Amino acid sequence: MFALALKFGAAVAGGALLALGALSLGSQSQELEPLAVSTGERYESNSSPVTSTRERKNIHISPTKIKIMSYNVWSCEDARVEVRIKALGSLVQEHSPDIIFFQEVTPRIYKLFRSSSWWQLYKYSSVSPEEAEKGKYFCMLLSKVRVKNSASIPFKNSSNEKGLFLAAIEIGLKKTLIVATSHLKSPNPPEMHSKKRVSQAETALGILQFFPNVVFGGDMNWDENIDGAFPLQGVWKDAWTELRGGEDGWTFDTKSNQMLQCSHPLQKRLDRFVCKLEDCSMKNVEMIGKEPIPGMFYYNKGKVLPVLPSDHYGLILTISVNV
């Protein structure tokens with residue numbers, strides 16, 4: 001099944017699969033078997049950190065509950081970046097997610113992450129130090145849970161920095177969960193790029209629909225007013241609307257985020273998790289990083305403003321494995 005989806009991805013993305021060499025594509029027949037998984041595992045905290053798809057020795061722990069964080073960390077390095085990344089690290093330590101999706105990671109931010117104590121807990125990183133040096137900013141995925149396969153698929157209508165990254169993780173009972181992240185095309189007034197953004201969302205969901213258990217999260221830059229409804233079909237669910245439908249869920253909010261007082265007014269649910277789950281259930285979703293960092297300020301357009309971890313708020317999704 002993993003190979004089938006990747007072959008479809010190759011077609012929609014112009015045949016470019018960056019991680020193809022690390023994947024086993026299995027049988028050449030038209031009927032491909034689902035990815036076989038026997039146990040769910042988390043890496044030992046004292047193992048050597050992994051910065052590519054390499055693995056280390058691990059202990060067998062079945063993660064009946066899986067916590068996933070998504071955070072656009074804001075690539076602006078002039079706005080107290082070291083302070084902000086330290087605060088983001090505190091949030092990682094506080095919530096202890098099993099999987100992390102980061103967007104807008106710059107080479108400098110990547111180095112700050114790697115120098116943090118919490119980094120050692122994540123034995124899989126989708127981006128190596130060598131790869132990080134090549135990008136302006138990029139998405140990345142970190143995992144405590146064993147990653148079986150992974151792939152990076154660039155979007156056909158965008159630069160190489162825009163694409164879909166997906167990984168298969170072992171969750172026990174011969175079940176596999178696909179975790180995927182992306183940063184869809186940003187609206188840059190006066191050009192809002194809605195057509196490109198919708199195309200990217202449709203491409204990502206078209207690839208991911210082949211798997212029975214999927215969590216897709218990231219900065220979707222979605223605006224229902226210009227993009228329409230997010231293109232979910234069938235059993236796909238939006239975690240926020242399912243679990244907290246009575247709340248706005250604005251992850252970019254120039255009114256509540258005091259660091260953005262000089263920004264153009266905007267309140268949107270840019271960041272989100274969408275899920276397609278046959279063997280898991282969504283349990284909780286929460287917003288994090290909404291409080292200013294005590295005693296920290298920066299200057300913007302003549303104003304002294306408080307500092308928050310990012311211009312976006314982060315999201316934490318908790319799912320459980322059905323047993």
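Which residue in S18 does Ile66 stand opposite? The partner of Ile66 is Ile319.

## Basis of the model

The structure is a predicted model, in which local features need pLDDT of at least 70, side-chain atom pairs count only at pLDDT 80 or more, and totals for chains, interfaces and linings use all residues. Residues are numbered from 1 along each chain as its sequence is written, and side-chain values use heavy atoms, with hydrogens and water left out.

Helices (H or I, at least four residues) and strands (E, at least two) are DSSP runs, numbered from the N terminus.

## Strand S18 and its sheet

An open sheet of 6 strands, with mixed pairing, follows the order S5-S6-S4-S3-S18-S15. Strand S5 (124-125) and S15 each have a single partner strand and stand at the edges, so one side of each is left without a neighbour in the sheet. Two strands are taken to pair if DSSP finds at least two bridges between them. Strands of a sheet pair through backbone hydrogen bonds, either parallel or antiparallel.

S18 comprises residues 314-321. Strand S3 (residues 65-72) pairs with S18 in the antiparallel sense over 6 bridges. Strand S15 (residues 280-288) also runs antiparallel to S18, and 8 bridges join these two strands. Within the pairing of S15 with S18, Asn284 has Thr318 as its bridge partner, and Cys280 has Val321.

In S18, 8 of 8 residues are buried (buried: under 20% relative accessible area; exposed: over 50%; partly exposed: in between; 1.4 Å probe, protein chains only). In a regular strand the side chains alternate between the two faces of the sheet. Both faces of S18 are covered, with Gly314, Ile316, Thr318 and Ser320 buried on one side and Leu315, Leu317, Ile319 and Val321 buried on the other.

## Helix H5

Helix H5 occupies residues 194-208. The expected span of a helix is 1.5 Å times one less than its number of residues. For the 15 residues of H5 this gives 21 Å, which agrees with the 21 Å between its end C-alpha atoms.

H5 is mostly covered, 11 of its 15 residues being buried. Among them are Ser194, Arg197, Gln200 and Thr203, together with Leu205, Ile207 and Leu208.

## Salt bridges

Side chains of opposite charge can pair when their charged atoms come close. A salt bridge is defined here as a side-chain nitrogen of Lys or Arg within 4 Å of a carboxyl oxygen of Asp or Glu. The whole structure contains 10 salt bridges. One of them joins Glu82 and Arg108 at 3.3 Å, N to O. Glu82 lies in helix H2 (residues 81-95) and Arg108 in helix H3 (residues 107-114), so this pair ties together parts that are 26 residues apart in sequence. Arg108 is partly exposed, with a relative accessible area of 36%.

The side chains of Glu170 and Arg146 also meet in a salt bridge, at 3.7 Å, N to O. Glu170 belongs to strand S8 (residues 163-172) and Arg146 to the loop between strand S6 (138-143) and strand S7 (147-154), so parts 24 residues apart in sequence are tied together. Glu170 counts as buried at 3% relative accessibility.

Arg197 forms a salt bridge with Asp227, with the closest N and O atoms 2.9 Å apart. This pair links helix H5, which holds Arg197, to helix H6 (residues 224-227), which holds Asp227, the two residues being 30 residues apart. Both Arg197 and Asp227 are buried. Glu224, Asp238, Arg269 and Arg272 are joined into one network by salt bridges that share partners.

## Aromatic pairs

Rings of Phe, Tyr and Trp (its six-membered ring) pair if their centres lie within 6.5 Å; planes under 30 degrees apart count as stacked, over 60 as edge-to-face and the rest as tilted. By this rule there are 9 aromatic pairs. The rings of Tyr110 and Trp119 have centres 5.6 Å apart and planes at 75 degrees, so the pair is edge-to-face. Tyr110 counts as buried at 2% relative accessibility, and Trp119 at 1%. The rings of Trp222 and Phe230 are likewise edge-to-face, with centres 4.7 Å apart and planes at 70 degrees; both residues are buried.

One aromatic cluster is formed by Phe102, Tyr110, Phe113, Trp118, Trp119, Tyr122 and Phe138.
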